[in-house]
Amino acid sequence: MTILDGKKVSNDIKDEIAEEVKQMKARGEKVPHLAAVIVGNDGASLTYVNSKVKACERVGFESTLVKMSSTASETELLKKIKELNEDPDIDGFIVQLPLPTQIDTQKVLLTVNPDKDVDGFHPMNFGKMALDMSSFIPATPYGILELLERYNVETKGKHTVVIGRSHIVGRPMSILMGRKGFPGNSTVTLTHSYTKNITQITSQADIIITALGNPEFLKAEMVKDGAVVIDVGITRVPDETRERGYRITGDVDYKNVSKKTSFITPVPGGVGPMTIAMLLKNTLLARENHRLAQGL
């Protein structure tokens, strides 16, 4: 069994990006600039956004953090997005989800300029991805592809089962694993809350990618020997034996499932760190696209 070490790979990617940025500076080019918009004071979102800012510092990107009150109106947020869309200094930006209830998330995501949509959530980028055209791939699926590629996990002709159909992970993952090329060329089954006999399906899978947010949902009896298991779930489970009063758990019963797998991602330290690394990679791509568009 090989652990797909997202922490190590994400650090490798950041080192590679930092080297590219160093070369950009040496050529006198503008370095990538990533902005993040956060509305409200959700603890998990704040932690995540701050780690993005730190990652920018590490690789030599410029970064801007836009904090807005939890009572901010949709109009105010849309105005801020319009400013970022029009600011030539900003190469890419993200709007941290979830947004407060008074704001229509779909409307917000549609307002983001697709050329700066480094989260890959705009329908134009999603459509391009589905058609195998060059686009920004959502950071978490992109991170999973990168892990599979760097560990040389065979995907061609394999049966991949995706558990969960969210627009952020499950749906794009099912498209990407079925595309031509590597990683890809697998036969994909997308499962969800209405899927019957899920154990029958997962126990036939060569690769399982689970993104449910349901702690330890995937048990050993649901997995065949030698399967590859990618765990995207991350949940805080109350645990009074821990100092913090909780433990971080994925969708997979790791202790028992790992004994049967050929490759598996841990939680934490698997897919999570890859998400930020790939967001940086998308921002680097955005900068390059803007440079070419300006004919520089």
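## Exercises on a buried threonine and a helix pair

Let's start with Thr-261, which touches Met-1, Gly-226, Ala-227 and Val-229, leaving aside residues up to four places away in sequence (contact means heavy atoms within 4.5 Å). This is a predicted model, where local features need pLDDT of at least 70, side-chain atom pairs count only at pLDDT 80 or more, and totals for chains, interfaces and linings use all residues. Residues are numbered from 1 along each chain as its sequence is written, and side-chain values use heavy atoms, without hydrogens and water.

**Exercise 1.** Place Thr-261 in the fold and decide whether Thr-261 is buried or exposed.

*Solution.*
- Step 1: Thr-261 sits in the loop between α9 (254-257) and β11 (263-264); helices (H or I, at least four residues) and strands (E, at least two) are DSSP runs numbered from the N terminus.
- Step 2: its relative accessibility is 7%, so Thr-261 counts as buried (under 20% relative accessible area; exposed is over 50%, with a 1.4 Å probe and protein chains only).
- Step 3: a polar atom of the Thr-261 side chain lies 3.1 Å from the backbone oxygen of Ser-258.

**Exercise 2.** Describe how helices α1 and α6 pack.

*Solution.*
- Step 1: α1 (residues 6-26) and α6 (residues 139-150) pack at about 95°, with axes 11 Å apart; axes are lines fitted to C-alpha atoms over the stretch in contact, and angles run from 0 to 180 degrees between N-to-C directions.
- Step 2: the two helices are therefore roughly perpendicular (65 to 115 degrees).
- Step 3: Gly-6, Val-9, Asp-12, Ile-13 and Glu-16 of α1 meet Glu-146, Leu-147 and Arg-150 of α6.

Methods. Angles under 35 degrees count as roughly parallel, over 145 as roughly antiparallel, 65 to 115 as roughly perpendicular and the rest as oblique. A polar contact is a pair of N or O atoms within 3.5 Å; within protein, one must be able to donate a hydrogen and the other to accept it, and residues adjacent in sequence count only if both atoms are side-chain atoms.
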